[in-house]
Amino acid sequence: MNISTKGKYAVEAMLYIAYFSGQGPLRVKVVAQALKVSEKYLEQILFLLRKKQLVETVRGAKGGYLLAKSSRDISIGDIIRSVEKDFIPVPCIKGEKACTYGIRESCSTRKLWKRLGNVLDNTVDNMNLEDLIQEYRLKLINHYGEVDYYL
């Protein structure tokens with residue numbers, strides 16, 4: 001299973017916005033520079049995250065993006081599912097009609113793919129943005145010392 005760059009950047013953008021959320025709204029330009037991604041691509045991702053009410057925008061000279069709710073209330077699964085078309089290891093676990101091989105009833109691997117899908121779901125649904133922030137903070141402190149500014 002492959003998570004697209006959209007999914008990867010969505011998690012990274014949310015982590016960056018969450019980490020610096022105490023400093024006010026973050027401009028797309030700042031986040032894009034930190035992630036080394038184009039502003040246009042990041043805007044598309046942030047649009048999808050906003051649509052799912054994970055971020056909100058503030059207009060004006062000091063505007064930008066903020067988390068729409070607490071980092072503890074945003075699971076990694078919420079973020080990935082906001083931007084990914086399907087977050088499943090193989091299409092057939094969506095339902096037997098999605099089986100491309102036509103062996104629906106006798107498929108011996110479908111159970112394996114369902115179990116793998118459940119493991120993926122449990123992993124991303126039981127990890128929230130706050131969990132990643134704590135790890136990110138430790139890595140930054142170990143590398144730079146205490147960080148209280150935009151990277």
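Start by selecting Thr 57 and Tyr 65: Tyr 65, in strand E2, is the bridge partner of Thr 57. Now add Glu 56 and Leu 66, since here too there is a bridge, with Leu 66 of E2 as the partner of Glu 56.

Before you go on, a word about what is on your screen. This is a predicted model, where local features need pLDDT of at least 70 and side-chain atom pairs count only at pLDDT 80 or more, while totals for chains, interfaces and linings use all residues. Residues are numbered from 1 along each chain as its sequence is written, and side-chain values use heavy atoms, with hydrogens and water left out.

**The hairpin**

Select residues 55–58 (strand E1) and 64–67 (strand E2): they pair in the antiparallel sense over four bridges. Strands count as paired if DSSP finds at least two bridges between them. Helices (H or I, at least four residues) and strands (E, at least two) are DSSP runs, numbered from the N terminus. Next, click on Gly 60, in the hairpin of E1 and E2 with its five residues between the strands; Gly 60 takes a positive phi near 110°.

**H1 against H3**

Show H1 together with helix H3, residues 39–51. H1 and H3 pack at an angle of about 75°, their axes 10 Å apart. Axes are lines fitted to C-alpha atoms, for helices over the stretch in contact, and angles run from 0 to 180 degrees between N-to-C directions. H1 and H3 are therefore roughly perpendicular to each other (under 35 degrees is roughly parallel, over 145 roughly antiparallel, 65 to 115 roughly perpendicular, and the rest oblique). To see where they meet, pick residues including Tyr 9, Ala 13 and Ile 17 in H1 and Tyr 41, Leu 42 and Leu 46 in H3; contact means heavy atoms within 4.5 Å.

**H1 against H4**

Which way do H1 and H4 cross, left-handed or right-handed? Select residues 5–19 for H1 and 76–83 for H4, and you'll find them at about 135°, with axes 9 Å apart. That makes H1 and H4 oblique to each other, and their crossing is right-handed. (A crossing is left-handed if the near helix is turned anticlockwise from the far one by less than a right angle, and right-handed if clockwise.) Color Lys 6, Gly 7, Ala 10, Val 11 and Met 14 of H1, which meet Ile 76, Ile 79, Ile 80 and Val 83 of H4.

**H3 against H4**

Last stop: H3 and H4 pack at about 115°, with their axes 9 Å apart. Here Ile 45, Leu 48 and Leu 49 of H3 make the contact with Ile 79, Ser 82 and Val 83 of H4.

Note on methods. pLDDT = per-residue confidence, 0-100.
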